[in-house]
Amino acid sequence: MSFGPVGVIGAGVMGVGVAQDLAQTGHRVILIDMTDEILEAARRQLTKHVRFHHLVKRDAERQDVAEVIERIRFSRDYGLLAGADFVIENVTEDWDLKQSVYRDLDGICSPECPFAANTSAIPISRIAAATDRASRVLGMHFMNPVPLKPAVEVIRGRHTSDATIEEAEALLTRMGKEAIIVNDSPGFVSNRVLMLTINESVSILHEGVATAETIDAIFKRCFAHEMGPLETADLIGLDTVLQTLRVLSDAVSGSKYWPCPLLESMVDSGLLGRKSGQGFYRYEGGEPLPAG
């Protein structure tokens, strides 16, 4: 199965990662966002990330950085997606915004073009209902950093067709990734579990039971996790974690997803993790340091 251009909506951290991975695996990409400033920042980030990625690849696997970037078209024009064979949406976890994006896409893209929502928690069936192509809508939950992760959580909505799942699997195979398929539910598998872990870790820090470094050390040294939950939260972005918890709290009965007040306070203060330079850790030269 071959693919034409792949549309990527949203040029934030996840959209940039998806666009990079697609371009590095030979795909033509149409990267869409709202302003030229956002798109120019995305171009700079992509150039930096592709150059870094190539430094750790064997000579036989390296590609010219400019050649990779040239596969990506940066634009504010949704109309370009009329020729896309696949669209991956990465906008923020704001339902009103997502709903508006899908209504626009539905009127522009070919009726056969699949829409993949790279969402953290919003149910895929809810997204599909905002379109006239429910059978062509699925979830593709990429993990950050996208180019370094070997698998993707693929979510089958209530109406997602087998053909749509097969096309998503084919695209991911071409990207060198495994599709792990789950059924639709708020937060799916990964974030139903991960967000509880992060939120409880923030609560433990808030209560003074242990420092951020100690909490993360337990998970890394006792459970052999590559990163601890608070380091992971900083990587995701604390604003994204908070948005995801709020979506889950609205969707799942009970109080277990209520965000810890410390998390809310940090987001209100602009301490968002790696992307702001400080979260549970400070970041200098790409390395986490104690935040205090």
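# Working through a predicted fold

α8 is followed by Ala-224, and the phi of Ala-224 is positive, near 60°. Keep in mind that this is a predicted model. Here are some exercises to try on it, with solutions.

## Exercise 1: α8 and what comes after

Work out which residues of α8 are buried, and what they pack against.

*Step 1.* Go along the helix and pick out the buried positions: Ala-212, Ile-215, Asp-216, Ala-217 and Phe-219.

*Step 2.* Look at what sits against them. The buried residues of α8 pack against α7, α9 and β9 (281-284).

*Step 3.* Now step off the end of the helix. Ala-224 lies in the loop between α8 (212-222) and α9 (229-236). Ala-224 isn't a glycine, yet its phi is positive, about 60°.

*Step 4.* Is Ala-224 buried or exposed? Its relative accessibility is 66%, so Ala-224 counts as exposed.

## Exercise 2: another positive phi

Place Phe-188 in the chain and decide whether it is buried or exposed.

*Step 1.* Phe-188 belongs to the loop between β8 (178-183) and α7 (190-206).

*Step 2.* Check the backbone: phi is positive at about 60°, although Phe-188 is not a glycine.

*Step 3.* Check the cover. Phe-188 has a relative accessible area of 4%, and buried means under 20%, so Phe-188 is buried.

## Exercise 3: a polar side chain in α7

Find what the side chain of Asn-199 pairs with, and describe its surroundings.

*Step 1.* Asn-199 lies in helix α7. With 6% relative accessibility, Asn-199 counts as buried.

*Step 2.* List the neighbours, skipping those within four places in sequence. Asn-199 is in contact with Leu-245, Lys-256, Tyr-257, Trp-258, Pro-259, Cys-260 and Leu-263.

*Step 3.* Pick out the polar pair: a polar atom of the Asn-199 side chain lies 2.9 Å from the backbone nitrogen of Cys-260.

*Step 4.* For a longer-range check, try Leu-230. Asn-199 and Leu-230 are 31 residues apart in sequence, and their C-alpha atoms are 9.1 Å apart in space.

## Exercise 4: a buried loop asparagine

Trace the polar contacts made by the side chain of Asn-90.

*Step 1.* Asn-90 sits in the loop between β4 (86-89) and α4 (95-108). Being in a loop doesn't settle the accessibility, so check the number: a relative accessible area of 11% makes Asn-90 buried.

*Step 2.* Start with the backbone partner. The Asn-90 side chain reaches the backbone oxygen of Ile-88 at 3.2 Å.

*Step 3.* Then take the side-chain partner, Asn-118, with a polar contact at 2.8 Å.

*Step 4.* Fill in the rest. Beyond four places in sequence, Asn-90 touches Val-8, Ile-9, Gly-10, Met-14, Gly-15, Val-18 and Asn-118.

## Exercise 5: two alanines in strands

Describe where Ala-116 and Ala-151 sit and what each one touches.

*Step 1.* Ala-116 lies in strand β5 (residues 115-117), and at 0% relative accessibility Ala-116 counts as buried.

*Step 2.* Leaving out residues up to four places away, Ala-116 touches Phe-86, Val-87, Ile-88, Glu-89, Tyr-102, Leu-138 and Met-140.

*Step 3.* Add a distance: Ala-116 and Val-154 are 38 residues apart along the chain, with their C-alpha atoms separated by 9.0 Å.

*Step 4.* Move on to Ala-151, which is found in strand β7. With the same sequence filter, Ala-151 touches Glu-178 and Ile-180.

*Step 5.* Ala-151 and Asp-104 are 47 residues apart in sequence and 29 Å apart in space, C-alpha to C-alpha.

## Exercise 6: the loop before β7

Find the cis peptide bond and say which loop holds its proline.

*Step 1.* Scan omega: at about 0°, the bond joining Asn-144 and Pro-145 is cis.

*Step 2.* Pro-145 is found in the loop between β6 (137-141) and β7 (151-156).

## Exercise 7: the whole chain

Decide how the compactness of the chain compares with that of a globular protein of its length.

*Step 1.* Count the elements: 11 helices and 10 strands.

*Step 2.* Compare sizes. The radius of gyration is 19 Å, close to the 19 Å that the globule rule gives for 292 residues, so the chain is as compact as a globular protein of that length.

*Step 3.* Get the box: along the principal axes, the C-alpha atoms fill roughly 55 × 50 × 35 Å.

*Step 4.* Check the burial and the contacts. Buried residues make up 50% of the 292 residues. Among contacts with a separation of 6 or more, 65% are between residues 24 or more positions apart.

*Step 5.* Finish with the surface and the charges. The chain exposes about 13800 Å², with carbon and sulfur atoms supplying 51% of it. There are 29 positive and 40 negative side chains, and the centres of the two sets lie 3 Å apart.

Definitions and conventions
Residues numbered from 1 in each chain as written. Predicted model: local features only at pLDDT ≥ 70, side-chain atom pairs only at ≥ 80, totals over all residues. Heavy atoms only, no water. Helix = DSSP H or I, 4+ residues; strand = E, 2+ residues; numbered from the N terminus. Rg over C-alpha atoms; globule rule 2.2 N^0.38 Å. Buried < 20%, exposed > 50% of the residue type's maximum accessible area, 1.4 Å probe, protein only. Contact = heavy atoms within 4.5 Å. Areas by Shrake-Rupley, 256 points an atom, 1.4 Å probe, with all protein chains shown as cover. Lys, Arg positive; Asp, Glu negative; His and termini not counted. Charge placed at Lys NZ, Arg CZ, Asp CG, Glu CD. Polar contact = N/O pair within 3.5 Å; in protein donor to acceptor, adjacent residues only side chain to side chain.
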